[in-house]
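Visitor: I should like a close look at one part of this model, with a formal account of how that part relates to its surroundings. Please begin with a single side chain and proceed outward from there.

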Amino acid sequence: MLDSLMDFLKQTGFYAIGANIVDNYGYIIMIAVSLVLLYLAIVKKFEPLLLIGIAFGMLLTNLPGAGLYNQGLWDSFMAKEIANEAGELIANPNYHSFGAILKEGGLLDFLYIGVKTCIYPCLIFVGIGAMTDFGPLIANPKSLLLGAAAQVGIFATFVGARFLGFDGLESSSIGIIGGADGPTAIFVTSELAPHLLGAIAVAAYSYMALVPVIQPPIMKLLTTKKERNIVMKELRPVSKTEKILFPIVVTIFVALLVPSATPLVGCLMLGNLWKESGVAERLCKTAQNELMNIVTIFLGVSVGATATAGVFLKVETLSIIALGVVAFGVASACGVLFAKFMNLFTKNKINPLIGSAGVSAVPMAARVSQSVGQKANPSNFLLMHAMGPNVAGVIGSAIAAGALIALFG
């Protein structure tokens, strides 16, 4: 009985940590980090729909002995894939095939397959498309330029990451945080730098939640009170035909221009076509609700599982978090500054505040533009005007993602 009891105790996570606490301190730190993220998600309401899943996945993967996610299996699988692409003869018994993951992996390994194959981000985009109204963008095509201008933050951060020593694949993944689009960040990172997935996902969704905190000081710093008081001309009505043609035309154009962006943009526009066609209401509601909710659960937990102690507790993680702030700040600033630049050549002036909505945090960034604008002029209503660059930012970040994958993938 005593021997059996000792065998049982040696299989517990308590024993695994306590037997060699010096080497296993990472588990304790990561469990603490996951608890902090759960606090932020539940109490402070920082992107709770996804951050709870990410934090709990992080908790599960760092409980020693549970075996829910096995980073070693994925590392050896990736090493084998790289060797295959290089045309090298593989005779290393430590390399694992995909079959080994299916045989030896845990629950979160199986869920992670949807991230690795980029299925989850694409399905999220179907739901986003089904919930998005592109009417403001169609009514004011100039707002597409504001969405494009905000993507400068992605490429500026890419340069900064390269300067700090990250390679092209890693820099692309870090830079995409500036798009303020979590699924796009996960899509790019899964393709280019999966070892950074946990850190980038946490940074991307944390900063998305902090949009109302980060953006207003930048917007006020770069605009005058007179500019914030600008009242924009009411948007024209958009016909149903225009709304139906828009997703079809955009899909064809983007697919031909940047083929690598087709999975994201195509799924986004498919969801939107279901919405605008008016003949697929059941599918539209499913994409908006059941599909979106189910995929959000799987995506959050499996992404959080990649944040193991060995991967997350590195100096580069702090660099990623710092660069994420830079990416987001630069993106917001570029949108505002480009709106001011456009005012030099346009008769109907643009309120520069809507430029900050060029990041893809829909509709939060547009609401921030509305909030800051109303503080300057209570009779000013910028929400619908800001939705134009806001939804343009979703398309812009997807195109930027495709361009980075085409360049470095």
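How does Lys-340 count, as buried, partly exposed or exposed, and what is its relative accessible area?

Guide: The model is a predicted one. In it, Lys-340 counts as partly exposed because its relative accessible area is 24%, and the partly exposed class lies between the limits of 20% and 50%. The side chain of Lys-340 meets that of Glu-227 in a salt bridge, with a distance of 3.5 Å from N to O. This pair links distant parts of the chain: Glu-227 belongs to helix α16 (residues 225-228), Lys-340 belongs to helix α21, and their positions lie 113 residues apart in the numbering. The partner falls into another class: Glu-227 is buried because its relative accessible area is 18%, and the limit for buried residues is under 20%.

The count of salt bridges in the model comes to 5, and two others may be set beside the Glu-227 and Lys-340 pair. One of them joins Arg-236 to Glu-242, with the closest N and O atoms 2.8 Å apart. Arg-236 is partly exposed, since its relative accessible area is 37%, and Glu-242 is likewise partly exposed, at 26%. Another joins Glu-281 to Lys-285, where the closest N and O atoms are 3.1 Å apart. Both Glu-281 and Lys-285 lie in helix α19, 4 residues apart, which is about one turn of the helix. Glu-281 is exposed, with a relative accessible area of 51%, whereas Lys-285 is partly exposed, at 45%.

Helix α21, which holds Lys-340, also leads to the enclosed space in the model. A search of the whole structure finds 1 cavity of 30 Å³ or more, and about 50 Å³ of space lies in the largest cavity. Helix α21 (315-343) is one of the elements that supply at least two residues each to its lining, together with α14 (197-209) and α20 (309-312). The largest share, 3 residues, comes from α14. Among the lining residues are His-195, Leu-197, Thr-306, Phe-312 and Glu-316. By class, the lining divides into 5 nonpolar, 4 polar and 1 charged residues.

Leu-197 deserves separate mention within this lining. Leu-197 is found in helix α14 and counts as buried because its relative accessibility is 0%. Its C-alpha atom is separated by 9.6 Å from that of Ala-305, although the two residues are 108 apart along the chain.

From the cavity the account passes to the open space in the model. The largest pocket has a volume of about 800 Å³. It is lined by 27 residues, of which Glu-47, Leu-49, Met-131, Met-292 and Val-362 are the closest to its centre. Elements that give two or more residues to this lining include α4 (48-61), α8 (119-131), α14, α19 (281-305) and α22 (364-376). Helix α19 gives the most, with 6 residues. The pocket lining divides into 17 nonpolar, 6 polar and 4 charged residues.

Two of the residues closest to the pocket centre, Glu-47 and Val-362, also bear on backbone geometry. As a general rule, most residues other than glycine have a negative phi, and most peptide bonds are trans. Phi of Glu-47 is near 40 degrees, a positive value in a residue other than glycine, and Glu-47 is placed in the loop between α3 and α4. That loop, between α3 (25-42) and α4, also holds Lys-45. Phi of Lys-45 is near 60 degrees, again a positive value in a residue other than glycine. Lys-45 is exposed, since its relative accessible area is 62%. Val-362, for its part, is joined to Pro-363 by a cis peptide bond, with omega about -10 degrees. Pro-363 lies in the loop between α21 and α22, so that the account returns to the helix from which it began, the helix of Lys-340.

Finally, one feature of the surface may be noted. Leu-245, Ile-248, Val-249, Ile-252 and Leu-256 make a nonpolar surface patch of about 500 Å². Within the patch, Ile-248 is placed in helix α17 (residues 240-257). Ile-248 counts as partly exposed because its relative accessibility is 38%, which is the class that also applies to Lys-340, at 24%.

Key. Residues numbered from 1 in each chain as written. Predicted model: local features only at pLDDT ≥ 70, side-chain atom pairs only at ≥ 80, totals over all residues. Heavy atoms only, no water. 1 Å grid on protein atoms, 1.4 Å probe; cavity = no way out; pocket = protein on both sides within 12 Å on 5 of 7 lines; lining within 4 Å. Points joined across faces, edges and corners; volume = space filled by probe spheres on them. Nonpolar A, V, L, I, M, F, W, Y, C, P; charged D, E, K, R; others polar. Patch = residues over 30% accessible without salt bridge, like charges linked within 9 Å, V, L, I, M, F, W, Y side chains within 5 Å. Areas by Shrake-Rupley, 256 points an atom, 1.4 Å probe, with all protein chains shown as cover. Salt bridge = Lys/Arg side-chain N within 4 Å of Asp/Glu carboxyl O. Buried < 20%, exposed > 50% of the residue type's maximum accessible area, 1.4 Å probe, protein only.
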